[in-house]
Structure formats: structure tokens, C-alpha cells
Amino acid sequence: MTDTICALATAPGGALGIIRISGPRTLEILSRIFTRDLSAAQPNTLHYGHIREEGGEVVDEVVVSLFRAPHSYTAEDCVEISCHGSRYILNKVLETLVKHGCRMAQPGEFTKRAFLNGKMDLSQAEAVADLIASTNKATHQIALNQLRGHFSSKLALLREQLLKLTSLLELELDFSDHEDLEFADRSELLDLTKAIDQHITHLADTFQTGNALKNGIPVAIIGAPNVGKSTLLNALLGEERAIVSDIQGTTRDAIEDTMQLGGVTFRFIDTAGIRHTEDEIESLGIERSKAAAQRARIILLMTEPGVPYPEIDVREDQTVIRVINKSDKDTAVKPSVGPLLSQSDNVLHISAKYNSGLDVLREQLISTAPKTSDTDVIVTNARHYDALVRAHEAIQRVLDGLQMQLSGDILSEDLRQALDILAEITGGAITPQETLNNIFSHFCVGK
């Protein structure tokens with residue numbers, strides 16, 4: 001990493017723009033275009049001056065933030081130039097820097113250098129991209145926890161336990177010919193291995209929740225035709241997203257849209273009404289409705305007074321919220337009473353047309369969403385999930401081997417494999433350059 005790199009670190013079009021420079025020649029190159037000599041300046045300081053072109057013409061008045069190695073984002077000498085946000089000015093400053101020896105940074109190259117220089121591990125580096133891409137409170141909290149090293153700490157604890165297990169097995173191998181020495185009982189090794197596997201499995205199991213929080217918790221609105229599914233979708237979103245008609249079978253395909261409730265993104269899916277029909281196209285829509293119900297994490301099972309709920313298959317991990325719409329037409333539920341939640345049958349009575357009971361429905365949805373705190377570790381990265389699954393498979397082989405009384409050398413091989421797989425997540429093992437390039441290529445330029 002002998003190159004000194006530069007890039008625009010802010011989105012163009014704002015009042016201000018920040019250009020970031022990092023590398024061994026940072027201060028040397030800066031001194032050629034900045035009106036102040038910062039070679040002896042203290043780190044973590046701000047400096048006002050002007051950026052000048054090669055001929056001495058002023059490009060812009062700027063403020064330079066100075067960070068010295070190793071106490072910078074990249075662990076290299078680094079400066080950030082705060083300019084006015086004109087595209088012309090920003091491009092001119094970058095052009096001037098390149099003329100004096102900088103190279104334009106690749107996507108994610110600043111964070112890649114931070115990883116390679118030991119400022120963060122690979123899972124923390126990936127959390128930077130997740131933090132930038134976070135769209136709600138939940139995904140922001142998950143990314144922040146990972147950036148703070150909570151996931152890395154969990155993996156470090158697993159690594160410590162695996163090393164302990166490996167050491168006990170290798171000790172058994174080294175002194176297997178000494179009959180007078182006692183080693184760890186195989187039942188104790190089995191218990192330790194089971195505990196390790198439970199931790200790995202727990203982390204892997206969080207991926208489903210993490211994926212839902214990241215992409216939006218899928219909520220399928222399921223019911224018979226004309227019970228008000230499309231009206232409810234429009235009322236929740238606050239816009240005419242779906243066509244509303246008294247004609248049965250209007251909705252032929254699933255309509256999706258997202259909104260945030262309680263800091264969590266929900267992905268609502270309006271589906272075709274479920275009924276018996278000879279219409280081939282409507283039948284396809286009904287099949288898609290049932291498929292959407294299977295994919296959903298939450299099902300809003302909807303009907304109206306006098307109309308039965310449709311029969312659908314529900315998994316154990318799904319939440320079903322029963323909703324009776326058009327309560328304004330139900331003499332048993334007077335609109336003046338307000339939204340009701342029946343304690344006996346756990347049914348919400350609403351009127352999507354008149355927005356009655358929707359606040360209670362929103363609260364019900366929020367209460368069913370996974371909760372996150374500043375200490376939770378939730379896996380959202382498919383690469384991490386894949387590694388955890390493979391580590392689980394390796395530990396399963398160790399468990400099987402212990403129960404079959406296999407020799408320690410065979411068990412140690414699977415343990416080392418589990419260690420190497422977990423190290424892939426943080427970059428502790430030798431990570432292929434192709435993998436690194438793929439990870440950091442998805443970052444924005446300047447980060």
C-alpha cells in the first residue's frame with residue numbers, strides 16, 4: 001500500500017463536499033496545493049486555507065482535518081478537505097491532487113486499508129457498508145453493534161472454546177502411550193462440544209430474523225374477495241397503491257410496498273382474494289396468494305362480518321393476526337365505541353375505509369416485530385451465515401466422532417476446520433484476494 005489515494009467522500013450536490021486522502025505521501029502532496037505547511041502540525045487539528053492549482057490560481061477556500069498514522073480511519077496519514085459543494089470545485093480539487101501524485105481510490109479502498117492495517121476485522125469492515133445502507137432503527141442498531149465488535153467478541157469466545165477443545169484432544173494424542181496419566185473424560189469433551197455447537201447454531205438461527213429486518217418483515221394480507229384487503233393496504237401506506245373495486249377478483253397479482261412502524265420496516269403484500277373460481281388467471285393469482293402466505297412472517301388474516309376466514313396452512317414460526325374489517329357495518333361493533341381488540345378470540349375489529357382501529361393494528365404489528373438492543377448480535381450477512389452453517393457441520397462431525405469413540409487425530413482435523421471457517425468471518429484466516437475484492441467492491445467510493 002505505497003499509493004496515496006483520494007476520493008470524494010460525500011454525495012455530490014450538497015452545500016459542502018469532503019475529499020479524503022490517505023497514504024504515505026498525504027502531507028507531501030497536500031503541501032503542494034494547500035497554502036499552509038502542515039508537516040509539523042499536530043494530529044486531530046483543523047486548518048483553514050486555500051487550495052491552489054499548479055499555476056497558483058485559487059480553486060477554493062477550505063478547511064483541512066489532519067489525522068496522523070496510526071490514529072486515523074485507515075491507520076495511515078490521512079486528511080479530509082472540506083470544500084464548497086460545487087461539482088466543478090470538487091472535480092478540480094481531485095484533478096489537482098491526481099496531478100501531484102494521488103491515485104483515485106477504488107470503491108471501499110479506505111475501509112479495505114483499515115482492515116489490512118488492523119484497525120478493524122473483516123466483519124467490522126462489512127458493518128461499515130451495512131451502517132451506510134441502514135434504512136431504519138433496527139438495521140442501524142444491528143450494524144452499529146457489529147461495528148462495535150459485538151459479533152467479533154462472540155466469535156472470539158467460540159474460538160477460545162474451540163482451541164481449548166483442540167488442546168485437550170492434542171494432549172490426549174501426545175501422551176496416549178502413558179497409561180498412568182489421566183486426560184479429560186470423553187463425556188466432558190462431548191458436553192463442551194455440544195455447548196460450542198449450540199452457540200454456533202444460535203448465531204446462525206438469527207439470520208432469518210436479520211434478513212427480515214434488513215429487507216422488511218413480510219406481512220401478507222390474506223382473505224376472501226372484497227373484504228377490503230386493498231383498502232387496508234392503501235390506508236396503511238397512506239396512498240392509493242392498490243386498485244379498489246366492488247368487482248370480485250380485481251387483484252390478480254401480489255402488490256408489495258414497504259413502510260416503517262416503530263423503527264422497523266414492514267413489507268406489506270396485498271394478495272388476490274381466496275375463493276373457488278373457474279377463471280384461470282384469477283386461479284393463478286389465488287395460488288400466488290397462498291405462496292405469499294407461506295413466505296410471510298406475519299399473516300393478516302382478514303374478513304368482514306358474516307364472511308368466514310379462508311383456510312390456509314400456517315407454520316409454527318408465523319404470527320397470525322385475525323382482522324374483521326368493515327366494523328362500521330357491524331351492529332355488534334359500533335364505530336363510536338372506537339377500535340376494539342376482543343380478548344376472547346384475539347380478533348381486531350377495524351374499518352379500513354374510515355381508518356378506525358388502524359392504530360391498534362399498527363401497535364399489534366410493532367409488538368410482533370423482533371426487538372433489538374445495543375447488545376444484540378443478529379446475523380444479516382449471507383457470507384457470515386454460510387460460514388456458520390459450515391462450522392456447525394464441522395462441529396457435528398466432531399460430535400459424531402466423540403460418540404463413536406474415534407481417535408483424537410481425526411477429531412482434531414474437524415476442529416481445525418471449524419476454527420478456520422469461523423476465522424473467515426473476521427478475516428483471521430488467510431482470506432483470498434478475490435473474496436476481499438468482492439466484499440469491498442460493493443462499498444461506495446470514498447469509504
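**A tour from helix H11 to four loops**

Begin by selecting Asn 381 and Arg 383 at the start of H11, where a side-chain oxygen of Asn 381 comes to within 2.7 Å of the backbone nitrogen of Arg 383; this is a polar contact, meaning a pair of N or O atoms within 3.5 Å of which, within protein, one must be able to donate a hydrogen and the other to accept it, with residues adjacent in sequence counted only if both atoms are side-chain atoms. The model is predicted, with local features requiring pLDDT of at least 70 and side-chain atom pairs counting only at pLDDT 80 or more, while totals for chains, interfaces and linings use all residues. Residues are numbered from 1 along each chain as its sequence is written, and side-chain values use heavy atoms, with hydrogens and water left out.

Next, select the whole of H11, residues 382-403, which has 22 residues and reaches 32 Å from its first C-alpha to its last, close to the expected 32 Å (the expected span is 1.5 Å times one less than the number of residues). Helices (H or I, at least four residues) and strands (E, at least two) are DSSP runs, numbered from the N terminus.

Within H11, colour the buried residues, which include His 384, Leu 388, Ile 395, Val 398 and Leu 402 (buried is under 20% relative accessible area, exposed over 50%, partly exposed in between, with a 1.4 Å probe and protein chains only). The buried residues of H11 cover an arc of only 160° around the axis, which puts them on the same side of the helix; the arc is that of the directions from the helix axis to the C-beta atoms. On the face turned away from that buried side, look for the exposed residues Ala 382 and Gln 403. After H11 comes Gln 405, whose phi is positive, near 60°.

Most residues other than glycine have a negative phi, and most peptide bonds are trans. With that in mind, go to Asn 44, in the loop between helix H1 (26-33) and strand S3 (45-52), where phi is near 55° and the residue is exposed, at 53% relative accessible area. Then select Asn 226, in the loop between strand S7 (217-223) and helix H8 (229-237); its phi is near 65°, and Asn 226 is partly exposed at 26%.

For the peptide bond, select Ala 69 and Pro 70, which are joined in cis with omega about 0°; Pro 70 lies in the loop between strand S4 (58-67) and strand S5 (78-84).

Finish at Ser 356, in the loop between strand S13 (347-349) and helix H10 (358-368), which counts as buried at 18% relative accessibility. Leaving aside residues up to four places away in sequence, Ser 356 touches Ile 350 and Ser 351, contact meaning heavy atoms within 4.5 Å.
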